[in-house]
Amino acid sequence: MTATDRSLELINAAAQAAADKLAHDIIAYDVSDVLSITDAFLLASAPSDRQVKSIVDEIEERLNKDLGAKPVRREGDREARWVLLDYVDIVVHVQHSEERVFYALERLWKDCPEIDLPEEAKATRGKAAEHAEATAGEQDGELR
């Protein structure tokens, strides 16, 4: 079994929305062969709680406006450290960068096929590491 066309449409729209709000390390997996509850996972991260919330809001608004999709469940909103949007066909995880490193969801799903995403989403790979390095330099009093 592979992800449906609808799932791929939702994943691509969500990935683009996340990229537009400057999410880091956007990646998607086709989990349809190992899970019966959903077709695909989208993972994205941000360096602050405020940005996590902004990314989640943009994804939710874009999927509703452009594709008529509303999440059946939204969890983690209050803390905005790891917000989950469940659209049944797909599940979107937007995590604070610290949670992304700690929970390392990529390790759990690395054997699943990666879904090809829009170029802007692919360009976000490695942004979390770049941000962490730049922030560390600023904290040390040096600019990189």
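This is a short group-meeting talk on one predicted model, going from its sheet to its helices, its cores and a few single residues.

Okay, hi everyone. Quick reminder before we start: this is a predicted model, so keep that in mind throughout.

Let's begin with the sheet. What is the strand order? It goes β1-β2-β5-β4-β3, an open sheet of 5 strands with mixed pairing. The edges are β1 and β3, residues 73–75, and each of those pairs on one side only. On average, neighbouring strands are turned by 10 degrees against each other, if you ignore direction.

Now walk across it with me. β1 and β2 are antiparallel, paired over 5 bridges, and in that pair A28 sits opposite L42 of β2. Next door, β2 and β5 run parallel, joined by 7 bridges. Over at the other edge, β3 pairs with β4, residues 82–86, in the antiparallel sense over 3 bridges. If you want a residue to click on there, R74 has L85 in β4 as its bridge partner.

Then the helices. α1 packs on this sheet and touches β1, β2 and β5, and its direction makes about 5 degrees with that of β2. α2 packs on the sheet too, touching β2, β3, β4 and β5, with its direction at about 160 degrees to that of β5.

A bit more on α1, since it keeps coming up. It covers residues 5–20, so to speak 16 residues, and reaches 23 Å from first C-alpha to last, close to the 22 Å expected at 1.5 Å a residue. Its buried residues include L10, I11, and a run from A13 through A19 that also takes in Q16. What do those buried residues pack against? The partners are β1, β2, α2, β5 and α5, the last being residues 119–122. Just after the helix, have a look at L22: its phi is positive, about 65 degrees.

On to the cores. As a general thing, in soluble globular proteins nonpolar side chains tend to be buried together. Here, the largest nonpolar core has 32 residues, and the ones with the most contacts inside it are I26, L42, I59, L63 and L117. The elements giving two or more residues to it are α1, β1, β2, α2, β4 and β5. Which one gives the most? That's α1, with 8 residues. Take I59 as an example: leaving out residues up to four places away in sequence, it touches A14, A17, A18, L85, Y87, V92 and V94. Apart from that core there's another one, of 10 residues, with I27, V31, L84 and L105 among them.

Let me stay on L105 for a second. It lies in helix α4, residues 105–109, and it's buried, with a relative accessible area of 8%. Beyond its sequence neighbours up to four places away, L105 touches L43, W82, H93 and Q95. For a sense of distance, the C-alpha atoms of L105 and E58 are separated by 22 Å, and those two are 47 residues apart along the chain.

Back to β2. How many of its residues are buried? It's 7 of the 7, so β2 is largely enclosed by the rest of the structure. A40, L42, A44 and A46 point one way, F41, L43 and S45 point the other way, and all are buried.

S45 is the one I'd zoom in on. This serine is in β2, residues 40–46, and its relative accessible area is 1%, so it counts as buried, where the cut-off is under 20%. Across in β5, the bridge partner of S45 is Q95. The side chain of S45 also makes a polar contact of 3.3 Å with the side chain of R100. Its contacts, again skipping residues up to four places away, are A23, H24, D25, I55, Q95, S97 and R100.

One last serine. Buried or exposed: which is S32? It's buried, at 3% relative accessibility, and it lies in the loop between β1 and β2. A polar atom of the S32 side chain lies 3.4 Å from the backbone nitrogen of A3.

That's my tour. Happy to take questions.

How values were computed
Residues numbered from 1 in each chain as written. Predicted model: local features only at pLDDT ≥ 70, side-chain atom pairs only at ≥ 80, totals over all residues. Heavy atoms only, no water. Helix = DSSP H or I, 4+ residues; strand = E, 2+ residues; numbered from the N terminus. Buried < 20%, exposed > 50% of the residue type's maximum accessible area, 1.4 Å probe, protein only. Polar contact = N/O pair within 3.5 Å; in protein donor to acceptor, adjacent residues only side chain to side chain. Contact = heavy atoms within 4.5 Å. Expected span 1.5 Å × (residues − 1). Pairing = 2+ DSSP bridges. Axes fitted to C-alpha atoms, helices over the stretch in contact; angles between N-to-C directions. Core = buried A, V, L, I, M, F, W, Y, C linked by side-chain atoms within 4.5 Å.
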